[in-house]
Amino acid sequence: MPASVTRAAVVEGRRILVRGTVQGVGFRPWIYRLAVEEGLSGRVRNDARGVTIEAFGSPEALDALVRRLGQEAPPAALIREVLEVLIPAEPLPGFTIVPSEGDGARRVSIPPDLATCPQCLREVQDPADRRHLYPFTNCTHCGPRFTIARDVPYDRPATTMAGFAMCPACRREYEDPLDRRFHAQPVACPDCGPRVRLLDPGGGPAVGDGAIGAAARALVEGRIVAVKGLGGYHLACDATSPVAVRLLRERKKRDEKPFAVMVSTLDGARAVADLDPAEERLLASVERPILLVRQRHGSGLAPEVAPGNPLVGLILAYTPLHHLLLQAAGRPLVMTSGNLSEEPMAAKDEEALERLSGIADLFLAHDREIENRCDDSVARVIAGRPTVFRRSRGYVPRAVPLRRPVRRPVLACGAHLKNTFCLAAGDEAWLGPHVGDLDNLEATRAFEEQVEHLQRFLGIRPEVIAHDLHPDYASTRYALARPEPVKVGVQHHHAHVASAMGEHGLEGPVLGLAWDGTGYGTDGTAWGGELLLVREGAFERLATLRPLRLAGSDEAIRQVWRIALAALDDAFDGAPPLERLQLFDSVPARDVAVVRRMAARGLHSPLAHGAGRYFDAIGALGLARPRATYEGQVALEWNLAADDAEQGAYPFHLTEERGLVQADLRPLVRAAVEDLVAGVGRHRVSARFHEGMADAASALVRRAAAARGPMPVVLTGGCFQNARLAEGVRRRLQGDFDVRLHGEVPPGDGGIALGQALVADVVAG
Ligand code: ZN
Ligand code: ZN
Ligand code: FE
């Protein structure tokens, strides 16, 4: 009999069901340790929905176990629910971990990568510890997971750690259920694990010893170092040096798009940014996304890090290698994806040397291979809650739980830009890692490779293939070429709304406000200012925005002055006061004439309903910026220009034609022009524009609800990455409506695949 049983007068039995993210995060060994500490006997096992504990002992010890469940869970665990039932006491000799079996367990067996935990970090910094300064230190609470997995089940021989034979000390830790490293698959130490090395761009050794110190010195001297991380290579440079950051921009051919900055501690983060508690929590979370936060005055960061942008993408170190490098460099470092412009991040050593040798002066590499490319995730706190813009490292391959199981396994191929795909089976869906823009061969190949990997890891053979309606998306072409016979095309904004519904477990009907740049409509035109009524597999288009004519189509999205001209010509009946608007000082009259001729003839000049186009148009006018150097730049800068205190709003009006309501934004355009001509500052113009757009959005929703009765409202599409717009619309509607914003599933095109999968499941039947 266990010790506790003899001590206590009463022996009780309890079955404790723990629901949430509790598999593959070191949960069972942790329960084992708790049970042993509390003197309980019994067992713990994974089940289809979480973990089941059957524990026997005194009521006090059982209460203590349940209390500690809530208070001390491993960092990567996410407990949603704990249910307890009394069961008959069993005389067991001790506590055991029941090995997992069956399909349910297989599907969740590969966890996401986890940021270094405080205990491992302490060991790395303790001169007396055998892992002092060891850059690959990890345990069951932290370390690489998905990025090193080659196959399932997730066991060391099926990872890129297979080639490293554990030394006796590591093996002891690995086999001891009471040790923090019990069954930590990537466990390693300086005697038996991977080693770091510094290479020159030719792949030869740059130094014999002290690779991290030498890399840090090079960074401090202003050089660029490629650093091998968890999911791929980063390019690093001194974030406080304008010269170093400019050099990186030049070599990477990246004009103005902000770079992410890595710091090693929360204090370091507070020194460069103004953080609220929700931001601090997300920044320090085990997922460690790049978090968009307000840069602090006098942050010390080079202005070239995020030119003209009050936000900075901040990330906390998430591997011991990062911590050691940052400590040695003693300053924040730029850490941007190791690629040229929009290619996928380099992950294999040869690939990195080949593609980055023209950019990096040195390579801080190591011999633990990256099996699955996985870019950093990107997030922002909106309305006090985390909103993930790019869901990748740290989140993938965590499942999104579904309210209702899919009928057959589905593969959804996603959009064209910021692509991620989605696999769904049973009552779970898995979004793949961020693949990026499917504009080149590298990206398309990475996409196909990732689809294959995830299918294999999850043991899913899709029977239904979902895709966007756009015939020219690489993801659509891929879907149509797949061998499976059942293909379902899903309208872009329908998928956006369904994705938000999926995340929130909403069945519909809902009113979905899907505002983005562009998406292929069922009438062949570009949609993007849509209000849809969505029920499971079907939608009805209730309202949209008055369209603008995009002269030269995609070219207009780069040359945003063309969109401004379209909005002006529309609002002023072809006679806008161009000569009084600063934007047109830098646009030759000849170009204006050419674009007007194109538009008049309808030559390559489609009508576009996208809300994002109004942000481009008025942003171009307000910022006097004729061109965007990256997608969404003008809209983003226009958003960030808004004065927080200004509450005025530009007007609009609603029209209705054959059952489709349209928000006519010509009054808004005219009012903005009037203000600009009168010399009203752009911060106030931007604020009034944002308030006007939020007014229009809520008016569309209220009008639809008045005719149909109340129902939940979801806000989705890339425009809702704009915190001012999202918070403004939510404030106007909450109280009268159940308003849902995105959380872990991105509002932009990176989240669309989830919606495609859910719609396709219903349509395919
Ligand atoms: Zn750890
Ligand atoms: Zn070892
Ligand atoms: Fe979209």
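**Metal sites, a sheet and an enclosed helix**

Along the chain, the donors of the iron ion (ligand 3) follow the spacing H-x3-H-x19-D-x232-D. Within this pattern, the pair D516 and D749 links distant parts of the chain, with D516 placed in strand β23 (residues 510-520) and D749 in the loop between β31 (739-740) and α24 (752-764), 233 residues apart. The model is a predicted one, and in it the iron ion (ligand 3) has as protein donors H492 (NE2), H496 (NE2), D516 (OD) and D749 (OD), which lie 2.1 to 2.3 Å from the ion. The angles among these 4 donor atoms run from 85 to 173°, and the site is irregular. Both D516 and D749 are buried.

The zinc ion (ligand 1) is held by cysteine sulfurs, its protein donors being C117 (SG), C120 (SG), C139 (SG) and C142 (SG), at 2.3 Å from the ion. The spacing of these donor residues in sequence is C-x2-C-x18-C-x2-C. Here too a pair links distant parts of the chain: C117 belongs to the loop between α4 (102-107) and α5 (118-125), whereas C139 lies in the loop between α5 and α6 (168-175), 22 residues away. The arrangement around the zinc ion (ligand 1) is tetrahedral because its 4 donor atoms subtend angles of 103 to 119°; for four tetrahedral donors, the ideal angle at a metal is 109.5 degrees. C117 is buried, as is C139.

An open sheet of 6 strands, with mixed pairing, is arranged in the order β17-β20-β19-β18-β21-β22. Its edges are formed by β17 (400-401) and β22 (486-490), each of which has a single partner strand, so that one side of each remains without a neighbour in the sheet. Strand β18 (residues 410-412) pairs with strand β21 (residues 464-468) in the parallel sense over 3 bridges, and L411 has I465 of β21 as its bridge partner. Helix α14 (residues 474-481) packs on this sheet, where it touches β18, β21 and β22, and the direction of the helix makes about 155° with that of β21.

Helix α11 (residues 320-329) is largely enclosed by the rest of the structure, because 8 of its 10 residues are buried. The buried residues of α11 comprise P320, L321, H322, H323, L324, L325 and L326, together with A329. The residue that follows α11 is G330, which has a positive phi, near 65°.

Note on methods:
Residues numbered from 1 in each chain as written. Chains lettered and ligands numbered in written order. Predicted model: local features only at pLDDT ≥ 70, side-chain atom pairs only at ≥ 80, totals over all residues. Heavy atoms only, no water. Donors = N, O, S within 2.8 Å, 3.2 Å for Na, K, Ca; no water. Tetrahedral: all angles 85-135°; square planar, octahedral: opposite > 155°, others 65-115°. Helix = DSSP H or I, 4+ residues; strand = E, 2+ residues; numbered from the N terminus. Buried < 20%, exposed > 50% of the residue type's maximum accessible area, 1.4 Å probe, protein only. Pairing = 2+ DSSP bridges. Contact = heavy atoms within 4.5 Å. Axes fitted to C-alpha atoms, helices over the stretch in contact; angles between N-to-C directions.
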